[in-house]
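Me: I should like to work through a protein model by question and answer. Please reason each reply from the coordinates and finish on the value or name requested.

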Amino acid sequence: MGDSKISEMTLPSLFDQARKIHQLASDSSIDQESIRKGCEMLEKCEEMISRLGLFSTNETKEDISTANLKYIMVPYYLGELTEKVSQEDRVPLLKASQAKLKEFVSFCEAMELVPEEELESSGQGGSNTFADKRARKIARFKRQKAAESKLLEIKERRERRGRSTRAAALSTPVEAGEEDVLDDDGEEEREAWLTTISLAICKVLDLLEMLKKEEEMLSAVKERQMQDGGKEFTESVLDERTSKVEAWHRDSAARAPYTKPAQPITCATFAKDVLEGRASVSQGHEHKHQPLLFGPASLVGRNLTTERERMAAQVFQPGHRLPTMSIEEAGETEMNMMNEWQENTKKYIEEATSSWYRDPIKPGPPKEDEEEDDDDDAVDRARAFDDWKDDNPRGAGNSKLTPCG
């Protein structure tokens with residue numbers, strides 16, 4: 001689209017095209033040519049708005065017509081697109097973007113569109129305490145979420161009304177002169193644009209803080225480069241640093257196979273013997289399970305060359321006890337224990353079923369001598385019990401517990 005094409009377009013067409021470019025730039029990455037073309041369209045919109053005199057400083061939001069309400073967003077779109085332009089010296093772009101965004105906020109403030117909370121904070125000079133900043137950000141975030149929800153609700157309402165209108169048009173033909181009545185949604189359009197402006201104000205206030213910090217950082221870097229003789233961070237310098245780092249890693253990997261670090265103690269019982277003096281670390285303790293090494297040791301193939309690297313490898317170890325066997329070995333051990341328990345249980349059951357005491361006792365006629373002995377013993381026990389009852393009447397042991405005992 002050439003310059004002649006842009007100059008021939010009307011203000012609504014220019015605004016719609018620039019708004020689409022801004023939406024594409026916000027949702028996804030587009031080429032720089034489209035971003036620059038969108039900035040050019042928005043600048044042309046500003047020129048036409050100024051020439052037509054759509055807004056006045058004596059007006060408020062109630063005095064602006066619904067058709068012209070959307071053009072308040074032109075400085076906001078232009079400021080955001082200017083920030084996305086790619087350029088070697090970014091500081092001028094940041095300053096131009098901040099100027100447009102501040103112009104948008106100032107105009108909204110004159111139109112009584114900025115919330116009272118933001119006006120109070122700006123009037124007080126913006127308190128720099130952490131609590132005040134946090135409270136402002138939370139309130140701004142809530143307003144932003146409320147505006148987004150309201151826009152989504154308006155969009156869904158329009159879609160439902162559009163579906164019902166199409167269904168009604170199919171069933172009942174629309175007569176001439178009734179099209180405007182069906183599409184008369186000026187109040188909803190005004191509400192949508194006022195909500196969009198409120199959402200843009202919330203985004204602008206956060207974006208201004210970010211652009212200001214970025215400008216300060218870039219200005220500090222440029223000032224330091226000027227003090228260092230104008231030396232800049234070029235691509236060749238970064239490539240040289242990358243090649244040095246890669247060469248260092250290659251040399252470390254090449255030196256790795258020459259020596260081997262001390263093997264860690266992997267068995268708790270052997271470690272206890274070492275601590276209590278029954279064994280020494282130099283004794284080779286064979287154990288099949290070798291845990292992983294952590295830290296620099298794992299980066300150079302577990303073979304270190306210098307004492308410094310060996311000490312660093314021993315420092316970066318886990319702070320917990322390492323396992324003494326793998327999961328497979330633990331499973332095999334439990335399986336062997338279970339098999340042994342089942343075999344023992346089976347053996348005990350067989351012994352119990354074949355034991356002699358399970359044979360039934362056959363009753364037989366009692367012997368005469370045994371019957372006589374049993375009868376004499378029973379008589380003696382009965383007589384002894386009668387004598388004891390005569391000496392100890394019933395309740396005699398509790399006489400001391402009674403009140404009159």
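The exchange below concerns a predicted model and moves from the overall fold to individual side chains.

Me: How many helices and how many strands does the secondary structure of the protein contain?
Reply: This is a predicted model, and its 405 residues include 24% that count as buried. The secondary structure consists of helices, with the number of strands being zero. The count is therefore 15 helices and zero strands, where a helix run needs at least four residues.

Me: What share of the contacts with a separation of 6 or more joins residues 24 or more positions apart?
Reply: A contact requires heavy atoms within 4.5 Å. Among contacts in the protein with a separation of 6 or more, those between residues 24 or more positions apart account for 74%.

Me: What part of the exposed area of the protein do carbon and sulfur atoms supply?
Reply: The protein exposes about 29,900 Å². Of this area, carbon and sulfur atoms supply 53%.

Me: Is Cys39 buried or exposed?
Reply: Cys39 has its place in helix H3, residues 32-52. Its relative accessibility is 9%, and the limit for a buried residue is under 20%. Cys39 therefore counts as buried.

Me: How far apart in space are Cys39 and Leu78, C-alpha to C-alpha?
Reply: Leaving aside residues up to four places away in sequence, Cys39 touches Leu78, Leu81, Thr82 and Val85. Cys39 and Leu78 are 39 residues apart in sequence. In space, their C-alpha atoms are separated by 5.8 Å.

Me: Which side chain of opposite charge is nearest to Glu80?
Reply: Glu80 is found in helix H5, residues 74-83, and touches His22, Ser26, Leu101 and Leu207 when residues up to four places away in sequence are not counted. Glu80 is buried yet has no salt bridge. A salt bridge needs a nitrogen and an oxygen within 4 Å. The nearest side chain of opposite charge is 5.9 Å away and belongs to Lys84.

Me: Which residue forms a salt bridge with Arg157?
Reply: Side chains of opposite charge can pair when their charged atoms come close. Arg157 is partly exposed at 28% relative accessible area, and its partner lies four residues apart in helix H8 (residues 130-171), about one turn of the helix. The closest N and O atoms of the pair are 3.7 Å apart, and the partner is Glu153.

Me: How many residues apart are Glu188 and Arg161 in sequence?
Reply: Glu188 is buried, with a relative accessible area of 7%, whereas Arg161 is partly exposed at 30%. The two side chains meet in a salt bridge at 2.5 Å, N to O. Glu188 lies in helix H10 and Arg161 in helix H8, so the pair ties together parts whose separation in sequence is 27 residues.

Me: Which residues are linked with Glu188 in a network of salt bridges?
Reply: The whole structure holds 17 salt bridges. One of them joins Glu188 to Arg158, with the closest N and O atoms 3.5 Å apart. That pair links distant parts of the chain, helix H10 (residues 186-227) and helix H8. The network that includes Glu188 also contains Glu153, Arg157, Arg158, Arg161 and Glu189.

Me: Which residues form a negative surface patch with Asp380?
Reply: Asp380 lies in helix H15, residues 368-391. Its relative accessible area is 46%, so Asp380 is partly exposed. The other members of the negative surface patch are Asp374, Asp375, Asp376 and Asp377.

How values were computed
Residues are numbered from 1 along each chain as its sequence is written. This is a predicted model: local features need pLDDT of at least 70, side-chain atom pairs count only at pLDDT 80 or more; totals for chains, interfaces and linings use all residues. Side-chain values use heavy atoms; hydrogens and water are left out. Helices (H or I, at least four residues) and strands (E, at least two) are DSSP runs, numbered from the N terminus. Buried means under 20% relative accessible area, exposed over 50%, partly exposed in between (1.4 Å probe, protein chains only). Lys and Arg count as positive and Asp and Glu as negative; His and the chain ends are not counted. Patches are made of residues with over 30% relative accessible area and no salt bridge: like charges are joined within 9 Å, nonpolar side chains (Val, Leu, Ile, Met, Phe, Trp, Tyr) within 5 Å. Accessible areas come from the Shrake-Rupley method with a 1.4 Å probe; for residues, only the protein chains shown count as cover. The place of a charge is taken as NZ of Lys, CZ of Arg, CG of Asp or CD of Glu.
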